[in-house]
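Colleague: Could you take a close look at one part of this model for me? I'd like to hear about one helix and what surrounds it, then a bit about how the chains meet.

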Amino acid sequence: MTSLPPTPPPRRLGLVIDLDTCVGCQACVVSCKQWNTGGHPAPLSDVEPYGREPSGAWLNRVHGYEVAPAGGGCGQTVYFPKSCLHCENAACVTVCPTGASYKRAADGIVLVDEAKCIGCGLCAWACPYGARELDPVEGVMKKCTLCIDRIYNETLPEEEREPACVASCPARARHFGDLADPASPAARLVAARGGFDLMPELGYRPTNKYLPPRPRRQGDEDPPRALPDVAGPGGLWGWVDRLLGG
Amino acid sequence: MAEPVLDLSRPTADEVKTTTCYMCACRCGIRVHLSDGRLRYIEGNRRHPVNRGVLCAKGSAGIMQQLAPSRLRAPLLRTGPRGSGEFRRISWDEALAIATDWLRSIRATDPRRLAFFTGRDQSQALTGFWAAQFGTPNYAAHGGFCSVNMAAAGLYTLGGSFWEFGEPDWERTRYLLLVGVAEDHDSNPIKRGLAELKARGAKIVSVNPVRTGYSAIADEWLPIRPGTDGLLILALIHELLRAGRIDASYLQRWTNAGWLVVDAPGEASDGLIARDAEGRPLVRDRARGIVVPFASGDAALHGRTTLPDGRHARPVLELVAERYLDAAYSPDAVAERTGLPAATIRRLAVEIAAAAFTDPPVLEQPWTDWTGQRHARVEGRPVAIHAMRGVAAHANGFQTCRALHLLQLLLGAVDVPGAWRFKLPHPKPIPPAPKPAGKAVQMAPGRPLAGMPLGYPTGPEDLLVDPDGTPRRLDKAFSWDAPLAVHGMLHTVIRNAVRGDPYPIDTLFLYMTNMAWNSAMSTAETIDLLTATDPTTGAYRIPRIIYSDAFHSEMVAYADLVLPDTTYLERWDCISLLDRPIGSPDAIQDAIRQPVLAPDRDVRPFQDVLIDLGHRLGLPAFTAADGGPRFPGGYPDYLQHHERRPGIGPLAGWRGAAGDKIGKGEPNPAQLERYRANGCFFSAPLAPEQRWMKHVNRDYLKLAAQIGLIDDAAPIVLQLYSEPLQRFRLAARGHGAVRPPASHRARIERFFDPLPFWYRPFDQELSGDAYPLHALTQRPMAMYHSWGGHNAWLRQLHAANRLHVHRATAARLGLADDDWVWIVGRLGRVRARIRLVEGVHPDTVWTWNAIGRRRGTAGLSGDAPEATEGFLLNHLIDDRLPATDGAEFANADPITGQAAWFDLLVRLEKAEARGPSPDWAPLPAPPGAAPPPRVLRHGAPARGGEFP
C-alpha cells in the first residue's frame with residue numbers, strides 16, 4: 001500500500017466549480033481531453049472512435065441532473081462537472097499496491113506514476129467520486145493532473161499557467177487556486193459563496209470545492225404584484241404629455 | 001518513497017498559429033499549437049474580441065475534425081444511379097472541365113437555370129457576388145431556414161437585429177429576457193455574458209419550453225407553449241402602456257412614434273406615413289399645433305390631425321396604444337394560450353418597468369445627435385432582450401420578433417447603457433438600401449445580374465415577379481408567397497426544381513448544405529425528389545447536381561459531381577463586414593482564417609475553386625483584361641484586391657498602400673500579412689462619443705458613412721410602425737400597379753400588418769387535436785448540427801439522441817423511461833427512444849438536432865448508434881402546407897418565407913419494435929476512403945510513442 005505525505009502539503013491546489021453558472025456546455029471536458037491526450041498522461045485513448053460503442057479515457061466529465069429540492073420549491077436542472085478532487089485523505093493513494101498513485105508533498109496534487117501502474121483498478125474502486133478512468137488501450141489508470149504540465153510550465157506565459165478546463169470555460173464556472181491560502185481568490189470565492197465539499201461524511205477531505213446553485217424563483221408573491229393604471233388626469237396621453245413637458 | 005521527477009516545462013509546440021474557429025458559426029479566435037507539423041492543441045485566443053480566450057467543446061475538438069476519416073479525399077464523378085453512392089475518383093482538371101462545360105451553356109442561354117445555394121457559409125460576400133456575376137438570381141445561403149425572421153424583423157424595425165447584429169450591454173444590463181434561446185448565436189459570448197450578469201446579480205429570465213443550458217441557470221424559467229411568445233410580449237406591452245411605463249422622450253425623438261399615419265380608409269394612401277413634397281415624414285408640433293417635417297423636435301404623440309391637403313392622420317403611438325390597450329392583449333386574455341399564469345405576466349411587467357426606469361445607469365458621456373444638438377450624458381435603460389430560434393422558426397416569427405422590438409422601443413431600450421446595443425456594421429438604414437435583383441430587365445444570357453440576388457424590398461414594385469405574378473426566383477423568394485424573403489428560401493429549392501414550378505433548372509450547385517438529411521424538411525420526400533426522373537425520358541428531373549463539402553455527408557451520394565473542400569484549418573477565409581463580421585458595439589471589427597496546415601488530400605478550398613470557375617466561365621469580375629485570371633492567387637488574392645465599390649473590399653483593416661486606412665482605401669497587397677501579425681483579426685475602437693445612440697449619433701453616422709458602412713449619414717429613425725408592410729397591404733386592397741393575384745390577396749391583407757400581432761402558426765392550426773404535443777429540436781452545446789457527427793470526441797458526448805418527454809405526460813400515455821415510441825405527425829412517423837424529464841413544458845417533447853445519421857455516412861460504421869438509435873425529426877416536418885383555393889404555400893412565415901420547423905405537432909404511440917424507422921439502405925464510403933481506425937491514441941508521440 002502507498003503512503004500519503006507525512007505532513008499536509010503547504011499548498012492545496014485545486015478547483016472551485018460554480019454550479020450556479022455551469023451551463024453544461026462540455027467545453028472543459030473536451031479541452032481537458034485535448035490538452036492531456038498530448039500532455040502528462042498522454043495519450044488518452046479512444047476505442048471504436050467511429051464505431052458502435054465509442055468510448056475513451058476522459059479526465060473530466062459533466063453530467064446533467066434534474067433536482068427537486070427537499071421540502072419543495074423550484075425544480076432545477078443542474079450540470080455537475082466531475083474530475084479528481086485531489087483529496088487530503090486520498091484513498092486512491094493508500095489503496096495502491098505498487099506506489100503508482102501518489103499525492104505530491106508540495107502541492108497536494110494526486111498523480112499516477114504510470115511506470116509503476118499495473119492497471120489493477122483498485123484506486124478506481126476506492127474513489128467514491130468515480131474520478132479515475134482506466135485507459136482502455138494503455139491499460140494504466142488516468143486521472144486529472146490539474147494540468148501539472150501547464151501550471152508549472154515555464155515556457156508558457158504566466159497568465160496561461162492554469163488548467164485547460166479553467167482557461168476554456170466560457171461561463172467562468174471554473175476557478176483554480178491554492179485552497180490552503182485563505183487569501184487566494186479561489187479560497188475567498190469559496191468563503192463568499194458557501195462553497196462545499198462533496199460527500200464530506202466520507203472523510204476524504206476533497207480539495208476541490210463546489211459553489212451551490214442559487215435558488216431559482218418559482219411562482220408569484222401573495223398578494224400578486226401588478227403595475228398600477230396610469231395616474232393623473234388625461235389617462236395615458238395626459239401622462240405622456242406631462243413626461244414630455246412643455 | 002521519493003516522488004518521480006517530472007519534466008513540467010516542455011514547450012507546448014514548435015509553432016503557434018492564430019486563425020478563426022469554424023466548428024460552429026460563432027467565429028472565435030483560436031491559437032493552434034503545432035508540434036512536428038501535427039496538431040497538438042487548439043486554445044482560445046485571449047486577445048480575440050469574440051471569445052477572449054475561452055473556447056467551447058466544439059472548438060476544442062477541432063483536432064478530431066482534422067483527423068476525421070469522413071474527409072473527402074478527391075473530386076468524384078458519379079458512376080452508379082444517383083443516390084447509390086457509386087463514384088469514380090477524377091482529377092481536378094477533369095472536375096473543373098466538367099463543371100465549366102455544364103455551367104457555360106446555362107449562362108449562354110438562360111442563367112436562371114443555375115440554382116446556387118450554400119449552407120452555413122461564411123463566404124457569402126463571395127458566393128453571392130459570384131452568383132450575380134454568373135447572372136442568376138437563384139442564390140441564397142441557409143438563412144431561410146435558420147433565422148431570417150429574426151434578421152428581417154430587426155432590419156425592418158431597428159436597422160439591426162438580435163443574434164449577430166446586436167447584443168445586450170452585458171456590462172450594465174440589470175434584467176435580461178432570453179426568449180427562445182438555446183445553444184444559438186453566438187455561443188461563447190452569451191455564456192461569458194451570462195456569467196458576468198450572474199456575478200453582478202442581474203436577473204436572467206428565460207422564456208423557453210425547455211429547461212436546459214441557459215434556461216437551466218436562469219433565475220426564472222418560464223415554460224411557454226411553443227409559438228405563443230408573441231402573445232406574452234404583447235401582453236407585457238399592454239401592461240406597460242396601461243401603466244404609462246414607457247420612455248416618451250425616446251419615442252418622440254428617436255423613433256417614428258410621432259410620425260403621422262394617414263387615416264383615409266379605402267384610399268391608396270391609407271395607412272401610409274404622411275410626407276411633405278420632399279418625402280420627409282410629417283409630425284404635429286406639440287407647442288405650435290401645426291404639421292411640420294420630423295426632426296428631433298417636439299412631436300405630438302397623440303391626437304388626430306388634419307394635414308395641409310385635408311386628409312386626416314394620427315401619430316403612430318396613438319395607433320400602438322389603441323391596439324395593445326385592448327383587452328385582447330391583457331395578461332388574463334393570453335394566459336391560457338401561452339400556458340403562463342396572468343399573475344406571472346403582470347409581475348414580469350412590474351419587474352421590467354422597475355429595472356428600466358428605477359435609478360437607471362447614467363453615463364456622463366457627451367454626444368451629439370443628428371440635428372447637431374449636444375447631449376451631456378446618456379441615460380441607460382438596463383433591460384436587454386436576446387431572442388433566437390424559439391421565436392424565429394415559427395410561421396408567426398416575423399411579427400413576434402417585431403413585437404419584441406416594439407417592447408424595446410417603448411422602453412427606450414435600444415443602444416443605450418444596459419440595453420440591447422447595435423453591433424457594427426449596424427445600424428443600417430431601415431431597411432438596408434439594396435433591393436433584390438432578378439427582374440427581367442436586370443438579367444440577360446451571358447451577362448451579370450444588374451445587382452445582387454438578395455436585398456430588401458420596401459414595396460410591391462421591388463418584388464421579383466412577372467407581370468402575371470409568377471415568381472422569378474426558383475425558391476419564390478421576393479414573390480407574393482414571401483415578399484420579404486431576404487435570405488432566400490433554400491427549403492423550397494429542390495421541390496420547386498423537380499416540379500418545374502415556376503420553371504425547371506439544369507444544374508443545382510450546393511455548397512456545405514446537407515439537403516439529403518438535416519438541412520431539409522420532409523427529408524424522406526426530399527431524398528425521393530433528388531432522384532426523381534421524368535417517366536418518359538428517364539432523365540433526372542434535376543438534370544445535374546454539383547456539390548462541395550469537406551466531409552462525407554448524406555448529400556454527397558446525391559451529387560453527380562463532388563468538389564471536395566478543405567477543412568477550416570487548411571484555408572484562407574474572410575469574416576467580412578460585407579457579410580457577417582465579428583461585430584462589436586464599440587469597435588469596427590473583422591477577421592480572417594489562414595491555413596495552419598497543408599491539406600494531405602487532393603482537395604481544394606471551395607472559394608479558390610469558385611474563383612477558378614469564375615475565370616473559366618469568363619465572368620467579368622474574375623477575368624483580367626488579357627483574358628487571364630483576375631485573381632491568379634485564388635481567394636487570398638481576391639481578399640486583398642477585390643473592390644466591391646471603389647476602396648471597399650472584403651476586409652476593412654489595413655487598407656491603402658501603406659495599410660493606414662480603415663474601411664475605405666485602395667487595396668493593400670500586404671493586408672493579409674497585417675491580419676496574421678495581429679492574430680487574424682482587426683479591431684478599431686470607436687471614439688467614446690460615437691458608441692451610444694448610434695442610429696442618431698452624428699459623429700457615429702459620419703464615421704460610418706466615411707468608412708463605407710452606410711451610404712450617407714442620414715439618421716436612422718427606429719420604426720414602431722412599418723410602412724413597407726402597409727404598402728404590400730394596400731396592393732392587396734387593389735392599389736398600385738403591382739398587385740397580388742387573387743389567390744394571395746387575403747393572405748397579404750392579413751399578415752402584412754404594419755403593427756405586430758399574433759396568429760396561430762399554420763401547421764399547428766392544421767394538425768388539430770389528433771396531434772396534441774409540440775415537437776422541437778435544439779442544438780446541443782457540444783455539437784453544431786451534423787458537423788460534429790464525424791468527430792471522434794464529440795460523438796462520445798452525443799451519439800444517439802433521445803426524445804425528451806415530461807414525466808407526467810409519459811405517465812398519462814403509459815410510457816416508461818427508455819421505451820421506444822412512434823412519433824406520429826400528419827406527415828408520417830419516426831421511431832425513437834424516450835428519456836423522461838421534468839424540465840419541459842408538459843405539452844412539448846424535444847430532441848437534439850441532427851445527431852441521427854444515415855448508415856454509412858460521416859465515416860461511421862454501419863452499426864453506429866447515430867444510425868441505429870438516433871433519429872431525425874425533420875422527416876415529420878412538412879416543407880409545405882396543403883393547397884387551399886388553388887394556392888399552395890411553403891410551411892413558412894408568410895412574410896419572410898422562414899421555414900416553420902418549430903410548428904410541428906405530434907402524438908406518441910408505444911412502439912413494440914426497436915431500431916430506426918424509416919431506415920434507408922446504407923451508403924458506401926466514397927472511393928479511396930481509408931477504413932476508420934479501431935483505436936485512437938492521439939498525442940502518443942508526446943510520450944515517445946507513435947501514432948497508430
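Modeller: Sure, here's the helix, followed by the contact between the chains. Bear in mind that this is a predicted model.

Let's start with helix α7 of chain B, which covers residues 187–200. Its length checks out: at 1.5 Å a residue, the 14 residues should span 20 Å, and the end C-alpha atoms are indeed 20 Å apart, so the two agree. α7(B) is mostly covered, with 11 of its 14 residues buried. Going along the helix, the buried ones are B:S187, B:N188, B:P189, B:I190, B:K191, B:R192, B:G193, B:L194, B:A195, B:L197 and B:K198. What does the covering? Among the elements over those buried residues are β8 (166–168), β9 (175–179), β10 (203–207) and α8 (213–217), which belong to chain B. Just after the helix, B:G201 has a positive phi of about 80°.

Now for the chains. The contact draws on 71 residues of chain A and 89 residues of chain B. On the chain A side, the elements giving two or more residues are α1 (27–37), β2 (46–47), β3 (55–56), β5 (76–83), α4 (148–151), α5 (164–168) and α7 (235–244). α1(A) gives the most, with 8 residues. By type, that side of chain A splits into 35 nonpolar, 20 polar and 16 charged residues.

There's strand pairing between the chains too: β2(A) is joined by 2 bridges to β35 of chain B (residues 935–936), and the strands run antiparallel. In that pairing, A:D46 has B:L936 as its bridge partner.

Conventions:
Residues are numbered from 1 along each chain as its sequence is written. Chains are lettered from A and ligands numbered from 1 in the order in which they are written. This is a predicted model: local features need pLDDT of at least 70, side-chain atom pairs count only at pLDDT 80 or more; totals for chains, interfaces and linings use all residues. Helices (H or I, at least four residues) and strands (E, at least two) are DSSP runs, numbered from the N terminus. The expected span of a helix is 1.5 Å times one less than its number of residues. A residue is buried if 20 or more other C-beta atoms lie within 10 Å of its own, exposed if 12 or fewer, and partly exposed in between; C-beta atoms are placed from the backbone. Two residues are in contact if their C-beta atoms, placed from the backbone, lie within 7 Å. Ala, Val, Leu, Ile, Met, Phe, Trp, Tyr, Cys and Pro count as nonpolar, Asp, Glu, Lys and Arg as charged, and the others, Gly among them, as polar. Two strands pair if DSSP finds at least two bridges between them.
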